[in-house]
Structure formats: structure tokens, C-alpha cells
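Let's take a look at how charged side chains pair up in a protein model, and at a couple of backbone angles that stand out. Have the sequence and the 3D view ready.

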Amino acid sequence: MPFKTREILVDKDDIQRRLDDLNRAMLLGNLFKETVRLQFQNSRSEPMETEATVWSVTEKNVILKGGLTIPIHSISKVRL
């Protein structure tokens with residue numbers, strides 16, 4: 001699935017909050033196998049949502065259980 005190529009959030013506080021939430025989601029996923037809901041946009045700016053276990057957060061991507069990778073800049077909200 002193609003994703004946005006640019007950052008979808010404009011506020012620096014929102015960007016930092018998203019990264020903090022993703023790191024919490026990774027801890028929940030690795031320690032307790034908890035799922036989270038991720039809201040993101042595809043390349044056509046269509047809002048999408050998935051519920052998944054976050055296994056890893058890299059500098060640019062989130063890796064979900066099952067191997068799906070979502071660019072961090074495409075994620076609009078993380079619901080723990």
C-alpha cells in the first residue's frame with residue numbers, strides 16, 4: 001500500500017506526542033502483546049485505521065506484527 005511521502009502533522013508537539021505514543025505502543029506490544037489503534041493516511045490522503053501489535057519503531061517506520069511497515073510521517077494518531 002502506498003503511503004504519503006510527506007509529514008501529515010504540522011504541529012511539533014503533535015509530532016513529538018505521536019513518537020512518544022508509538023514508543024509506548026512498542027513497549028505494550030513487546031511486553032504484554034497489547035494491540036493499539038493507528039490512524040494513518042494513504043497516498044491519496046484517505047484516512048485509514050488498523051488495530052495491531054507494534055513490534056518496532058525505527059527512525060522512519062513502525063513495524064507491526066505480521067511484518068506490515070507504516071511510515072511514521074503517515075500516522076496521524078495512536079490510540080493506546
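## Salt bridges and two unusual angles

Seven salt bridges turn up in this structure. A salt bridge here means a side-chain nitrogen of Lys or Arg within 4 Å of a carboxyl oxygen of Asp or Glu. The idea behind it is simple: side chains of opposite charge can pair when their charged atoms come close.

Before going on, a word about the numbers. This is a predicted model, in which local features need pLDDT of at least 70 and side-chain atom pairs count only at pLDDT 80 or more, while totals for chains, interfaces and linings use all residues. Residues are numbered from 1 along each chain as its sequence is written, and side-chain values use heavy atoms, with hydrogens and water left out.

Here are three of the pairs:

| Acidic residue | Basic residue | Closest N to O distance |
|---|---|---|
| aspartate 14 | arginine 17 | 2.6 Å |
| glutamate 46 | arginine 44 | 3.3 Å |
| glutamate 49 | arginine 79 | 3.0 Å |

Why are aspartate 14 and arginine 17 separated by about one helical turn? Because they sit three residues apart in helix α1 (residues 12–32). Helices (H or I, at least four residues) and strands (E, at least two) are DSSP runs, numbered from the N terminus. Aspartate 14 is partly exposed at 31% relative accessibility, and arginine 17 is partly exposed too, at 45%. For these labels, buried means under 20% relative accessible area, exposed over 50%, and partly exposed in between (1.4 Å probe, protein chains only).

In the second pair, glutamate 46 is partly exposed at 34%, whereas arginine 44 counts as exposed at 61%.

The third pair ties together distant parts of the chain: glutamate 49 is in strand β2 (residues 47–52) and arginine 79 in strand β6 (residues 75–79), 30 residues apart. Salt bridges with shared partners join Arg37, Glu49, Glu51 and Arg79 into one network. Glutamate 49 is partly exposed at 33%, and so is arginine 79, at 36%.

Now for the backbone. Most residues other than glycine have a negative phi. Which way does the phi of lysine 33 go, positive or negative? Lysine 33 has a positive phi of about 60°, even though it isn't a glycine. You'll find lysine 33 in the loop between α1 and β1 (36–41), where it is exposed at 59%. Serine 45 also has a positive phi, near 65°. Serine 45 sits in the loop between β1 and β2 and is partly exposed, at 37% relative accessibility.
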